[in-house]
Each structure stands twice: as C-alpha cells, then as structure tokens.
Amino acid sequence: DFLNYVRKLNSEGIREWSKGSPCHWGENENRRIISDGLGGCIHAWEYDNLLDNEHTIYCTRYDSSGQAKWSENSQVPVIAKGGKEIGLENMISDGIGGVLVFYKKGIGGNSAYYALKIDASGHRTWGYDGKLIATINNAYTPEFNGTFSSEGNVIIAWTEGGNIIVAKYNEAGSVKWRGAIDRIHPSMIRVTPDKQFGVIVTWLE
C-alpha cells in the first residue's frame, strides 16, 4: 500500500503545502490531477481494495493553501464504487473550482459512461451519479473529452464505434443539442470552446 500525496511549488520553486497533502492510503491507481483555476487543484484516483475486490473512485479539491475543500461524511468524496468494472476515464476543470468527471460502470457486455459535475463547493449539480452520457459495447474503448463553454454550458465529445459524438449540455445537465462527426476509427479527440458558445474538435484517424 502507498500514500497518495499532492504538493505545490510556487513561481520561485519554493515548496508550499510543506509536508505535502496525503490523499489516501492503499492501492491507488489511475491518478489524475488538473488545475481548479483558482491556484489549487482537483485530484481524482481509483482505489483497489484487494481484500474484497472492491474498486472505488475518489475525487477532491485542494485550495491554494493546500486545504481539502470537499468531503462527504468527513471522508474524501466517493464518485463511484463497485467491482473491477468501475473506471475513471477523464476530467475537465470549469476554471472556477469545479470539475466534470467522466467514469464508467460495467453492465454485462456493455459499459455505461457518466459525466458527474461538481461545483467549487463540492455539490453534485447533475445528481449524485451524474448524467448517463452513453452505453457502449465493451468491444470498443471510447475516449471522452469536453470543455466548458463561455456561457457556462458543457460540450462533451466522445468516440463511439466509427463516429465522434458531440453534445452540448446546459448547467442543469439537459441536452441542448447532439450530433455526430462520421469518421473511421477516430482517436485522441481534443476540444476547445470557440468563444461563441460552440466548440472546435480535433482528432487522429
């Protein structure tokens, strides 16, 4: 088992959060970290409990002074919990302390992919489990990416079979529009807002 730490160095290379901030003890896998846009970070990881084969995804935010800002029942918030079919896919920052976390839950031969939106205070604004984005056959390995548009909505893009699917969600998580870019085995999709409430998508194939 290992302790999972985060640490900040300032513009002069001086260590802040002097002792580091321990996150979780155990078999930590698939760790991800992004800026919260306010001088801190948002950190997510998977924890594998080898004793009972239980898999858990955690996510928390540290402010600019290294203080953990999110908790549930005095513990690090749990995004999802289950067996090996649980997986952390990606996450994007809203730039003002919040995050959109993509994760999956296996269902037989398919996987259900969710987007969970958390605001700067740690509130789940798209419901406890988030919004179901897609259910995809396990024969495919989709990629998920997204961006927060300039008016506060979220635009999500993902690969599904031979297509790229793009959908725009409002702040409450309702779909505003959805479309497909027909391609042949696209990969490495990246998105950026166009500052006119739309999105620009790039990929490899």
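A residue counts as exposed when its relative accessible area is over 50%, as buried when that value is under 20%, and as partly exposed in between. Those cut-offs apply at several stops of this tour through a predicted model.

**The whole chain**

Start with everything selected. The chain contains 16 strands and 0 helices. Its radius of gyration is 17 Å, close to the 17 Å that the globule rule gives for 205 residues, so the chain is as compact as a globular protein of that length. Turn the C-alpha trace along its principal axes and the spans come to about 50 × 45 × 30 Å.

Now colour by accessibility. Of the 205 residues, 44% count as buried. The accessible surface of the chain is about 10,500 Å², and carbon and sulfur atoms hold 48% of that area. Among contacts in the chain with a separation of 6 or more, 38% are between residues 24 or more positions apart.

**The sheet E7 to E10**

Select strands E7, E8, E9 and E10. They form an open sheet in the order E7-E8-E9-E10, with antiparallel pairing. Strand E7 (87-93) and E10 are the edges; each has a single partner strand, so one side of each is left without a neighbour in the sheet. On average, neighbouring strands here are turned by 20° against each other, direction ignored.

Narrow the selection to residues 99-107, which are strand E8, and add E9: the two run antiparallel and are joined by 9 bridges. One place to zoom in is Ile107, whose bridge partner in E9 is Asn110.

**Asp129**

Next, select Asp129, in the loop between strand E9 (110-118) and strand E10 (131-137). Is this residue buried, partly exposed or exposed? Asp129 has a relative accessibility of 33%, so it counts as partly exposed. Leaving aside residues up to four places away in sequence, Asp129 touches Tyr103, Lys105, Tyr114 and Leu116. For a sense of scale, draw a distance from Asp129 to Val201: these residues are 72 apart along the chain, and their C-alpha atoms are separated by 27 Å.

**The sheet E11 to E14**

Move on to strands E11, E12, E13 and E14. This is an open sheet of 4 strands, ordered E11-E12-E13-E14 and paired in the antiparallel sense. Its edge strands are E11 (144-148) and E14 (175-182), each of which pairs on one side only. From one strand to the next, the twist averages 15°.

Within this sheet, select residues 154-160 (strand E12) and 163-169 (strand E13); the pair is antiparallel, over 7 bridges. Pick Val154 and look across to E13, where Tyr169 stands opposite.

**Two residues with positive phi**

Most residues other than glycine have a negative phi. The last two stops have positive values.

Select Met188, found in strand E15 (residues 187-193). The phi of Met188 is near 50°. With a relative accessibility of 43%, Met188 falls between the two cut-offs and therefore counts as partly exposed.

Then select Lys195. Where does Lys195 lie? The residue is in the loop between E15 and strand E16 (199-204). Its phi is near 70°, again a positive value in a residue other than glycine. Lys195 counts as exposed because its relative accessibility is 65%, and the cut-off for that class is over 50%.

Note on methods. Residues numbered from 1 in each chain as written. Predicted model: local features only at pLDDT ≥ 70, side-chain atom pairs only at ≥ 80, totals over all residues. Heavy atoms only, no water. Pairing = 2+ DSSP bridges. Axes fitted to C-alpha atoms, helices over the stretch in contact; angles between N-to-C directions. Buried < 20%, exposed > 50% of the residue type's maximum accessible area, 1.4 Å probe, protein only. Contact = heavy atoms within 4.5 Å. Rg over C-alpha atoms; globule rule 2.2 N^0.38 Å. Areas by Shrake-Rupley, 256 points an atom, 1.4 Å probe, with all protein chains shown as cover.
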